[in-house]
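Reader: I am new to reading structures. Could you take me through one part of this one, slowly enough that I can follow along?

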Amino acid sequence: MLNVHMEQRVNLKFIVKLYGNECLSRRQVFEWFKQFKEGRETTEDGPRPGRPTMSKTDNNIENIGLLDTVTLKGTIVEAVKAKVTEV
């Protein structure tokens with residue numbers, strides 16, 4: 001039977017072969033290890049502070065429409081003029 005350290009190395013080698021460049025970083029491994037050692041049970045990410053990564057609002061949708069106008073007409077000034085005449 002393998003000793004504990006050898007078994008851990010075999011597990012790590014398997015993970016690297018399985019995930020390749022998509023493996024967790026060293027820092028992430030240490031952080032997860034610490035959390036599991038402290039009693040964490042779940043493997044799901046917890047909530048993160050700060051802005052959401054994406055947001056869909058009426059204002060954002062309107063701004064995307066404005067960007068389309070910029071792309072079609074070529075300048076920001078023309079896009080703003082077009083938006084003002086709509087109002």
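Which residue just after H2 takes a positive phi, and of about how many degrees? Please build the answer up from the surroundings.

Author: Gly 39 is the residue you want. It follows just after H2 and takes a positive phi of about 110 degrees. Keep in mind that this is a predicted model.

Start with the whole chain. It has 87 residues, and buried ones make up 2% of them. There are 4 helices and 0 strands. Read from the N terminus, the order is α-α-α-α. The chain exposes about 8800 Å², and carbon and sulfur atoms supply 59% of that area.

Now find helix H2. It covers residues 26-37, which makes 12 residues. At 1.5 Å a residue, H2 should span 16 Å. Its end C-alpha atoms are 16 Å apart, so the two values agree.

Next, step back to helix H1. This helix takes in residues 4-19, 16 in number. From first C-alpha to last, H1 reaches 23 Å, close to the expected 22 Å. Look at its start. There, a side-chain oxygen of Asn 3 comes to within 3.1 Å of the backbone nitrogen of His 5. Then look past its end. Just after H1, Gly 20 takes a positive phi of about 55 degrees. So what follows H1 is a glycine with positive phi, and a glycine with positive phi also comes just after H2.

Tyr 19 lies in H1. Is Tyr 19 buried or exposed? Neither: its relative accessible area is 48%, so it counts as partly exposed. Tyr 19 also helps to make a nonpolar surface patch of about 530 Å². Its partners there are Leu 12, Phe 14, Ile 15 and Leu 18.

Finally, a record covers this stretch. An unreviewed UniProt entry annotates residues 14-39 as "domain: Mos1 transposase HTH". Over those residues the chain is 69% helix and 0% strand. The end C-alpha atoms of the stretch are 25 Å apart.

Terms used: Residues are numbered from 1 along each chain as its sequence is written. This is a predicted model: local features need pLDDT of at least 70, side-chain atom pairs count only at pLDDT 80 or more; totals for chains, interfaces and linings use all residues. Side-chain values use heavy atoms; hydrogens and water are left out. UniProt positions are given in the numbering used here, feature names are shortened, and annotations may be inferred rather than shown by experiment. Helices (H or I, at least four residues) and strands (E, at least two) are DSSP runs, numbered from the N terminus. Buried means under 20% relative accessible area, exposed over 50%, partly exposed in between (1.4 Å probe, protein chains only). Accessible areas come from the Shrake-Rupley method with a 1.4 Å probe; for residues, only the protein chains shown count as cover. The expected span of a helix is 1.5 Å times one less than its number of residues. A polar contact is a pair of N or O atoms within 3.5 Å; within protein, one must be able to donate a hydrogen and the other to accept it, and residues adjacent in sequence count only if both atoms are side-chain atoms. Patches are made of residues with over 30% relative accessible area and no salt bridge: like charges are joined within 9 Å, nonpolar side chains (Val, Leu, Ile, Met, Phe, Trp, Tyr) within 5 Å. A salt bridge is a side-chain nitrogen of Lys or Arg within 4 Å of a carboxyl oxygen of Asp or Glu.
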